Amino acid sequence: MSLKFFKPLFDSFPWPLQQLNVEQQAMFFVCFLGFLALLWFFISNSNKGLPPGPKALPLIGNLHSLDPELHTYFASLSQIYGPICRIWLGQKLGIIITSPELARDVLKDKDIIFANRDVPAAAVEISYGCNDILWNSYGPQWRMMRKLCVRDMLSCSTLDSVCALRRRELRQSMNYFYSKKGLPVNVGEQMFLTVFNVITSMLWGSTVKGEERANLGAEFRYVVSEMAALCSIPNLSDFYPGLAWFDFQGVTKKMKLLLKRFEKIFDSMIDERKKLDRNGVGQEIKDFLQVLLKLKDEADPKMPMTMTEIKALLMDMIVGGTDSTSNAIEFAMAEIMIKPDILRKLQEEIETVVGKDNIVEESHIKQLPYLYAVFKEVLRLHPPAPLLAPHSPSETCTVGGYTVPKGCSIFINVWAIQRDPSIWKNPTEFRPERFLDDKCDCSGNDFNYLPFGSGRRLCAGIGMAERMFMYSLASLIHSFDWKLPEGETLDLTEKFGIVLKKKMPLVAIPTPRLSDPILYE
Ligand code: HEM
């Protein structure tokens, strides 16, 4: 029996379970649930018509053999059981999809049926009771919020209108890297702060400045990473929804405490913004919070926008946008540093368009096809959401000839599809050239390539992710040469979580490339 899964499960338990060693904890877990095993035995005959999958034990299902690196574990199951297979996570049925054809069936042909979410207990808290876009069920409230978000916050024209905010934040980051020339820098940490500053300045403008801003960044980074960790813990409340009320591991309780810290920050930003608007100062500052508060005041009385929904939307932008984008940039930097020929090609392309004695502007981005190919290739090899966000069917249906019951959890393993050797030549090799002549776009029309998902629940922030990734990476590569500290080697191992991360953070030394120090101000 594999015990890998039990470690994170029991590490999250309160005292006195933490006093026990892993084997004792596993034994406790099995005994604790044992008295329900008989009951389960009678129910477990219900695999009829379901996709094939590993043999499940009474009550615990396949939890005993589950590997926390879900994306690779699910890929190995699909090698054995085929492109659609099942797994029992306690009482919860998971269906794993690992082929473009079946992904199309789920995300396109049966899009409406599969447009609901299977919401982990931890996510209920951070989404203000699923009042956001990401975790909301498919229905009128989700439609209204998504429409507002895509039309009024993340549309091309709104993103263009806040271009100056992105520029200001990115210039500050380049200035920071310049101040660290010749010294080792944690690239992922700095990119998180950069993306975070860009997103929050788009959300609530320049209401916060200087030291307060730096402290706010540190506070958010801590809270976001704690939230991501809680969402990634194997949680009994998810495997046995009937027991969720007891919150045995205290995940919901911890999430509530973290949410309170967010709440405090949101409240003060909203108050500050209202004050500025009252005094007429905020009129010329265009930021998302202003757009949202205006929408709230002018909302359709039949479908009013509430303060809870505003906060849930702010949360989606921060939690959904920061980690995903900054991790993609960190992976890209690591892949490029391993392959000096790619670094050289990128620098040459950027230099031709931008010039050596000039800084990258967002307007240059469209003229950089090789950079765009790097963006696509990093999302192919290291998709930040390797299993998308779990979808869930609103009615029982048939996929690939098998029954898929209403309410189960659907995992589309895009990580495995995007590394399938029958689709991609040398799939584990980082080779941006494969996208140069390719028509393959990011918007979910090609089911071989789905880093942002597809259909109704497609990522709402593709335009923003694309701009931030391209602008940040181009600036990093154009402004600095990068090398590893003496004696260090690059490790590209991934770590599964709600967002796929680099297991070992990328630490690298920047050396300025531009001739004039003024270009770093
Ligand atoms: C490289 C960066 C990003 C990647 C790879 C990414 C990927 C994804 C994926 C795979 C989904 C789920 C799709 C599905 O379940 O079918 C998603 C949903 C979402 N993303 Fe992103 N995302 C990124 C950046 C962003 C940014 C910057 C924002 C906004 C600021 C954002 C906002 C959202 C929202 C609101 C949803 C929920 C959509 C819904 O359920 O209707 N994302 N994203």
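K274 sits in helix α13. The model is predicted, and in it K274 counts as partly exposed because its relative accessibility is 35%, between the 20% that limits buried residues and the 50% above which a residue is exposed. On the surface, K274 gathers with K275, R278 and K296 in a patch of positive charge. Helix α13, residues 251-278, supplies three residues of this patch, the largest share.

**Helices α13 and α15**

The 28 residues of α13 reach 40 Å from the first C-alpha to the last, close to the 40 Å expected at 1.5 Å a residue. The buried residues of α13 include V251, M255, L258, L259, F262, I265 and F266. Further along α13, M269, I270, R273 and L276 are buried as well. In an α-helix, residues three or four places apart point the same way, because there are 3.6 residues a turn.

Helix α15 covers residues 307-338. Its 32 residues reach 47 Å from the first C-alpha to the last, close to the expected 46 Å. Helix α15 is mostly covered, with 27 of its 32 residues buried.

**Salt bridges**

Side chains of opposite charge can pair when their charged atoms come close. The structure holds 19 salt bridges, and the table lists some of them.

| Salt bridge | N to O distance |
|---|---|
| D105 and K110 | 2.9 Å |
| D152 and R151 | 2.9 Å |
| R513 and E351 | 2.6 Å |

In the pair of D105 and K110, D105 has a relative accessible area of 15% and is therefore buried. In the pair of D152 and R151, D152 counts as buried at 19% relative accessibility, whereas R151 is partly exposed at 44%.

The closest N and O atoms of R513 and E351 are 2.6 Å apart. R513 lies in the segment after β12 (507-512) and E351 in helix α16 (residues 340-354), so this salt bridge ties together parts that are 162 residues apart in sequence. R513 is buried, with a relative accessibility of 13%, while E351 is partly exposed, with a relative accessible area of 26%. Elsewhere, D160, R166, E362 and R467 are joined into one network by salt bridges that share partners.

Note on methods:
Residues numbered from 1 in each chain as written. Predicted model: local features only at pLDDT ≥ 70, side-chain atom pairs only at ≥ 80, totals over all residues. Heavy atoms only, no water. Patch = residues over 30% accessible without salt bridge, like charges linked within 9 Å, V, L, I, M, F, W, Y side chains within 5 Å. Areas by Shrake-Rupley, 256 points an atom, 1.4 Å probe, with all protein chains shown as cover. Salt bridge = Lys/Arg side-chain N within 4 Å of Asp/Glu carboxyl O. Lys, Arg positive; Asp, Glu negative; His and termini not counted. Charge placed at Lys NZ, Arg CZ, Asp CG, Glu CD. Helix = DSSP H or I, 4+ residues; strand = E, 2+ residues; numbered from the N terminus. Buried < 20%, exposed > 50% of the residue type's maximum accessible area, 1.4 Å probe, protein only. Expected span 1.5 Å × (residues − 1).
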